[in-house]
Each structure stands twice: as structure tokens, then as C-alpha cells.
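Colleague: I have a new model on my screen, and I would like to know how its labels were earned. Could you take me through the reasoning behind them?

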Amino acid sequence: MRTRKTATDRRAEVLAAAVSAFAENGYAATKTDEIARRAGVSQPYVIRLFGTKQQLFIAVIGQVCGRIEEIFREAVADLEPGTEPAEALRALGKAYDTFLDEREPPLGMLHGFTASGDPMIGDAVRAGFGRIYTVVRELTGASVTDARRFVATGMLLTIMSAMRVVGHDAIPAPWAAEIWSDIRDSPDPC
């Protein structure tokens with residue numbers, strides 16, 4: 001006897017398929033029928049769940065940014081109250097490796113930046129990125145300067161992850177190894 005999946009489960013499966021498809025092909029080149037095929041549902045069902053490809057991509061951006069927030073919140077959950085901002089930033093930095101190793105979400109985030117010329121997508125990307133910055137400040141108590149440097153370093157690592165020069169499946173590149181080593185060996189978390 002087969003168990004019927006709930007609408008919530010199906011929505012999550014379609015969203016996961018969309019993260020994968022958009023990460024691989026970008027916003028413009030991804031078709032909703034490809035997402036439907038990956039999710040094992042019909043293309044009209046994808047549209048019924050999300051409305052338009054644009055709305056689905058906005059949901060993907062929300063999912064990706066939400067994943068970063070989730071990782072960061074988990075990273076500081078066990079820290080003592082009053083932990084110094086530098087120590088809290090280090091915990092977030094180590095946890096960000098989890099996001100980078102997931103491969104598809106960082107690529108989805110980068111595709112979100114490139115699709116930001118679309119006003120609705122741009123609004124979603126700016127809001128998601130703003131939430132990440134705000135969460136970094138809230139969770140760590142870091143100054144504006146330290147939070148900016150932390151986020152900038154995270155974006156550098158995201159780009160390097162997209163190029164596959166950092167992470168568990170990194171392609172060797174001496175310049176990337178030098179940057180990665182400098183980031184990991186630095187006592188400065190930013």
C-alpha cells in the first residue's frame with residue numbers, strides 16, 4: 001500500500017528540485033517542466049503550487065537565505081551568554097562551511113544576484129541578504145565593520161565554492177589554497 005504524500009511534502013520536493021535546477025542552469029535557462037520532471041510531478045502542478053517561475057525562484061531565494069540563517073542560529077545555540085563577538089563570528093564562520101559543502105544553495109544564491117534585474121527577484125534577494133546581515137549582527141553583537149567584513153569574506157568563499165576551488169570537492173588552485181589557508185588560520189574571524 002502506497003502512502004500518499006502531503007501537499008507540504010510535495011511542495012518541499014518541488015522546492016528542492018527547483019534549488020537543484022536553478023543552481024545548475026540559472027533563472028533564465030531553467031524551465032518549470034524541468035523542475036516538474038525532477039520532482040516527479042506535472043508542470044501544471046508546479047504552477048499550481050507556486051504560481052509562476054518567478055514566484056518559484058523567489059521561494060528558492062527564501063529557502064537558500066533561510067538555510068544560512070538556520071545554520072548560523074544552530075552555530076551559536078550552544079555558546080554561553082555574553083560570548084565575545086569575535087568568538088561568535090568564528091562559530092558562524094565554521095558553520096558556514098556546511099552551507100558551502102551543500103553546493104546547490106550557494107549557486108542558487110549567486111544566480112539570485114544575477115537575476116536581481118527583475119524587480120520582484122531583486123527585492124527578494126535584497127531582503128534575504130539583508131536578513132542574513134541582520135542575523136549576523138544580532139547573533140554575534142559584532143560591529144557594523146566586523147559584520148561587513150564577515151559577510152564579505154562569506155561572499156568571497158561562496159564565489160570560490162561556485163568555482164569549486166574550496167570545499168570537499170575542490171579543484172586544486174594555489175591561489176585559492178592561499179586564501180583559504182589565510183581565512184582558516186587567521187585569529188581574526190572577519
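Modeller: Happily; what follows is a set of questions about this predicted model, each settled by setting a value against a cut-off.

Colleague: Let's begin with Thr140. Why is Thr140 called buried?

Modeller: Buried means under 20% relative accessible area. Thr140 has 5%, so the label buried fits. This residue belongs to helix H7, which covers residues 119-140.

Colleague: What makes the link between the side chain of Thr140 and the backbone oxygen of Val136 a polar contact?

Modeller: The distance limit for a pair of N or O atoms is 3.5 Å. Here the side chain of Thr140 comes to 2.6 Å from the backbone oxygen of Val136. Thr140 also touches Pro85, Ala88, Leu89 and Leu92, once residues up to four places away in sequence are set aside.

Colleague: Val136 brings me to the core. Which residues have the most contacts inside the largest nonpolar core?

Modeller: They are Phe22, Ile35, Leu56, Phe72 and Val136, in a core of 50 residues. Among the elements that give two or more residues to this core are helix H1 (7-29), helix H4 (53-76), helix H5 (85-101) and helix H8 (144-162). H4 gives the most, with 10 residues. As for Leu56, its contacts beyond four places in sequence are Leu15, Ala18, Phe22, Ile35, Val46 and Phe50.

Colleague: Now the rings. Why is the pair of Phe72 and Tyr96 called tilted?

Modeller: Ring centres must lie within 6.5 Å to pair, and planes under 30 degrees apart count as stacked while those over 60 count as edge-to-face. Phe72 and Tyr96 are 6.0 Å apart centre to centre, with 40° between the planes, so they pair and the pair is tilted. Phe72 is in helix H4 and Tyr96 in helix H5, 24 residues apart, and the pair links distant parts of the chain.

Colleague: How do you know whether Phe72 and Tyr96 are buried or exposed?

Modeller: Phe72 has 3% relative accessibility and Tyr96 has 7%. The limit for buried is under 20%, so Phe72 is buried and Tyr96 is buried too. Ring pairs join Phe72, Tyr96, Phe99 and Phe150 into a cluster, and the model has 7 aromatic pairs by this rule.

Colleague: What makes Lys53 count as a charge over the ring of Tyr27?

Modeller: The charge has to be within 6 Å of the ring centre and within 35 degrees of the ring normal. Lys53 lies over the face of Tyr27 at 4.7 Å from the ring centre. Arg184 lies over the face of Trp180, at 4.3 Å from the ring centre.

Colleague: Let's turn to H2. How do you know that its buried residues line one face of the helix?

Modeller: The buried residues in H2 are Thr32, Ile35, Ala36 and Ala39. Viewed down the axis of H2, they fall within an arc of 100°, so they line one face. These residues pack against H1, H3 and H4. After H2 comes Gly40, with a positive phi near 75°.

Colleague: Asp33 is in helix H2 as well. Why is Asp33 called partly exposed?

Modeller: Partly exposed runs between the 20% and 50% limits. Asp33 has 47% relative accessibility, so it is partly exposed. Lys31, in the loop between H1 and H2, has a relative accessible area of 48% and is therefore partly exposed too.

Colleague: What makes the phi of Arg103 worth a remark?

Modeller: Most residues other than glycine have a negative phi. Phi of Arg103 is near 60°, a positive value in a residue other than glycine. Arg103 sits in the loop between H5 and H6.

Colleague: Arg164 has a positive phi as well, about 65°. How do the burial labels of Arg103 and Arg164 come out?

Modeller: Arg103 has a relative accessible area of 18%, which is under 20%, so Arg103 is buried. Arg164 is at 32%, between the 20% and 50% limits, so Arg164 is partly exposed. Arg164 is found in the loop between H8 and helix H9 (174-185).

How values were computed:
Residues are numbered from 1 along each chain as its sequence is written. This is a predicted model: local features need pLDDT of at least 70, side-chain atom pairs count only at pLDDT 80 or more; totals for chains, interfaces and linings use all residues. Side-chain values use heavy atoms; hydrogens and water are left out. Helices (H or I, at least four residues) and strands (E, at least two) are DSSP runs, numbered from the N terminus. Buried means under 20% relative accessible area, exposed over 50%, partly exposed in between (1.4 Å probe, protein chains only). A polar contact is a pair of N or O atoms within 3.5 Å; within protein, one must be able to donate a hydrogen and the other to accept it, and residues adjacent in sequence count only if both atoms are side-chain atoms. Contact means heavy atoms within 4.5 Å. A nonpolar core is a set of buried Ala, Val, Leu, Ile, Met, Phe, Trp, Tyr and Cys residues joined through side-chain atoms within 4.5 Å. The arc is that of the directions from the helix axis to the C-beta atoms.
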